[in-house]
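Student: I would like a close look at a single part of this model, namely the contact surface between its chains. Please set it in context as well.

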Amino acid sequence: MQQLDALTREARALAMGALPRSADEAEVGRQLQICNACRYCEGYCAVFPAMTRRLEFGKADIHYLANLCHNCGACLHACQYAPPHEFAVNVPQAMARVRLATYADYAWPPALRGLYKRNGLTVVLAVAGGLALFLLLAIARKGSLWHDPLAGNFYQVFPHNLMVAMFAPIFLFAVLALGLGVRRFWKDVSPADHAFDAAGAAIAEATRDGLRLKYLDGGHGQGCNESDDEFTLSRRRFHHFTFYGFMLCFAATCVATLYHYLFRLPAPYPLTSVPVLLGTAGGIGLVIGPAGLLWLNLHRAPLQGDPAQKPMDRGFIVLLLLISLTGLALLAWRNTGGMALLLALHLGVVMALFLTLPYGKFAHGVFRGAALLKWAIEKRQPSKLRLSED
Amino acid sequence: MIAVDVLVIGGGNAALCAALTAREAGASVLLLESSPREWRGGNSQHTRNVRCMHEAPQNVLVDAYPEEEYWQDLLKVTGGITNETLARLAIRESSRFRDWMRRHGVHFQAPLSGTLHLARTNAFFMGGGKALVNAYFRSAAELGVAIRYDSPVEWLELRDGRFVAAHIAGKDGAERIEARACVVASGGFESNREWLREAWGQVDGEWVADNFLIRGTRFNTGVLLKFLIDAGADTISDPTQAHMVAIDARAPLYDGGICTRIDCVSLGVVVNRNARRFDDEGEDFWPKRYAIWGRLVAQQPGQLAYSIIDAKAIGRFMPPVFPGVKTDSLPELARQLGLDEGAFLRTIEGYNAACRVGTFDHAVLDDCHTVGVVPPKTHWAMPIDTPPFFAYALRPGITFTYLGMKVNEQAAVHFGGRPSPNLFAAGEIMAGNVLGKGYTAGVGMTIGTAFGRIAGAQAAAAVLRGEQRAAA
């Protein structure tokens, strides 16, 4: 059985290698051929050490390496072959183009992969739809968006079960879609990874590298590049604000769920309660982080990254900002007659985020996590090459 | 009114080291880079490490590399064409300049994959030489060094061996820039095709140097070098001496840099245009031989050679940037390379028959060698018999030339045996003092960094001397 499994994986690997590469994939292959003969950037991140374990770059290798790339920009600014050199090596840009293809190629269901190609439109429609839905629902339930103060009790506008019925399926669908996508990605990029002893250590390392954003530290701890060749830790820090802000908000929801079902303590909760404290801290992080990331995105060196994807990046960042701003506003004015309006706005943008989770920038975290795990496993295996200048 | 204390001409490692050091000593500094900003840094953008003396393990450097061993290595590669005083000065400087480099933003890292043989002797720059150049330019700007790009210096105004002013032909026309002292760090002349032609002459009616590729910058045209020679400055070395490597014949004419190297020479055989072998491919480890093969290929007809390997070599050498010519048979390989098929097969068959295969080990000087073939292959001799076969065309690739300014321990340019009081030289334009011929990895950066710092300090000191004289 195990043998059959190995054979199947090998066949798949062969198929992947033989698959024609798209123009963007071939461009990454062309550049990596140059990089592999140079290797000056090995110290910056995991992409180059992973590259040196290969002599040829098939479709799967290219998708793996593209998602391992964090677009830190160090290799572009250090590159002796960067434009205007005729080799025109720009690894961060070439990788970014392939990453978009990864997200779209592995989107589930496949019919929806086009949403990546028109991501600006996707996010706009999701936001408009989410807002319209909740605004109409609020009017339908309360007759008006303005009401007598309700002491923060938003279940009077949208009952608990209604919200669960709306959000739970969409959230679970997002988890399922992303999970199926990344599963297929994993099978393609890791066709021949044999059972392996240090799996626990590899998982721990990949988790640590992801949570610490190790590969935004430049390899020397001074950070990555933004507007020029100077190193800065600002992107890493703003991303931490964003990610951990998001996670605190998520934790607030989880704690509130526990309160609701386990302790029979329905919302609203006082300002000093655990869910509100978590949510407030998370909300503040989700203001500082995305605001900083947006500023950096607007000032990034023009050659660094794929300009065509900036709408997707900025759309996602602004969506996160809208969520945190409406959430904090809701908290601030939850005792006023404007609560229903603020609640509808907040839930509308949250719904837009949930709807677009598997079809937008959010996917980068999932595929990068998989690539980091692949690297953590791969680096523990002996290289098949015995390259030497000697 | 003199606008600036120290004028630094050049934008590579040596120039930047001079500018930073002079500025640290309190002088006002203007740096003139002839290239546009995106091509700044000269050949330094293609470097990757600096050879450093050290008595004990020193962060990225393992074990020890004492002064005497470094000196002996230099003596060996130069065949004694070196100046011991200046060489030892640079070597000793290399044991202490890395902290200074770090302060100016250079990051060091353990050797790159495939370069473990340099772990003891060479400190690698994270990101390579362009990252180093970027760091120095940032640091220089922060310290208040004025930097101008697109500013090629055409000639210098000299008075009795004293620097007076530089004349540039910038984008906005000719300009005269006065300074109290000057450091010339404008590189060699390797991208001056005409000068190379003249130096290498003709063989069989063909200009030898027309078949050379330039691994480095297109901006080292040697304008200032020629001017100074004509102005009577004392010179060192000769115009055919250079760091010359055998590189992929398909490399770009300029700036091919590191990735154009072909590292499979010692794993196979090398034949010339006449399909004949011409040197021992397995004499020593490739890193000790790569700098010799450039000249060897330059001496072949048409300055062309072909590195031939078979399937056994794949996965044992650094991947080349361009794919090789790949065939399933040797006659087909000869045809695709345009070589005389009969001569090629005779060469390979003769070599194959001469192979005495013992225990192949590419990591040591193994016992696989040839018997009864000329030239012999003394190590790693394996028959070329396992398809597919691969061929890589080789041409000489010049990294930098050694003809330059004769200097003393103060890096002063000399006129008629007398040191100039305020004109100094650093980097490739004076590397020939230490490196009369041959090459060993990272020594160019040792010379550039050591003499860049010396020239910068001396230029700042010359400014101070001038001020004291004026006050007295």
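Tutor: What follows treats the interface between the chains, then each partner in turn. The model is predicted, and the values below are computed from it.

The interface of chain A and chain B brings 36 residues of chain A into contact with 47 residues of chain B. The size of an interface is often given as the accessible area lost when the parts come together. Between chain A and chain B that buried area is about 3,600 Å², and carbon and sulfur atoms give 53% of it.

Polar and charged pairs can be listed next. Three salt bridges are found across the interface of chain A and chain B. One of the salt bridges joins the side chains of B:Arg40 and A:Asp229, with an N to O distance of 3.3 Å. A:Asp229 and B:Arg40 count as a salt bridge because 3.3 Å falls within the 4 Å allowed between a Lys or Arg side-chain nitrogen and an Asp or Glu carboxyl oxygen. Residue pairs in polar contact between chain A and chain B number 16, where both residues have pLDDT 80 or more.

On the side of chain A that touches chain B, helix α2 (residues 23-38) gives the most, with five residues. By class, that side of chain A holds 16 nonpolar, twelve polar and eight charged residues.

Now the chain that carries this side. Chain A has 15 helices and two strands. Its C-alpha trace spans about 80 × 55 × 35 Å along the principal axes. The radius of gyration of chain A is 23 Å, which agrees with the value near 21 Å for a compact globule of 390 residues.

The partner, chain B, is divided into domain 1 (4-187 + 222-238 + 402-471) and domain 2 (243-397). The C-alpha centres of these two domains of chain B lie 36 Å apart. Within chain B, ten residues of domain 1 are in contact with nine residues of domain 2. The two domains of chain B bury about 750 Å² between them, 60% of it on carbon and sulfur atoms. In domain 1 of chain B, the residues that lose the most area to domain 2 are B:His46, B:Arg48 and B:Tyr439, together 56% of what that side buries.

Zero salt bridges are found across the interface of domain 1 and domain 2 of chain B, while two residue pairs there are in polar contact, both at pLDDT 80 or more. The side of domain 1 of chain B that touches domain 2 comprises four nonpolar residues, five polar and one charged.

Terms used. Residues numbered from 1 in each chain as written. Chains lettered and ligands numbered in written order. Predicted model: local features only at pLDDT ≥ 70, side-chain atom pairs only at ≥ 80, totals over all residues. Heavy atoms only, no water. Domains from an automatic or database assignment. Contact = heavy atoms within 4.5 Å. Buried area = accessible area lost by both parts, 1.4 Å probe. Polar contact = N/O pair within 3.5 Å; in protein donor to acceptor, adjacent residues only side chain to side chain. Nonpolar A, V, L, I, M, F, W, Y, C, P; charged D, E, K, R; others polar. Helix = DSSP H or I, 4+ residues; strand = E, 2+ residues; numbered from the N terminus. Rg over C-alpha atoms; globule rule 2.2 N^0.38 Å.
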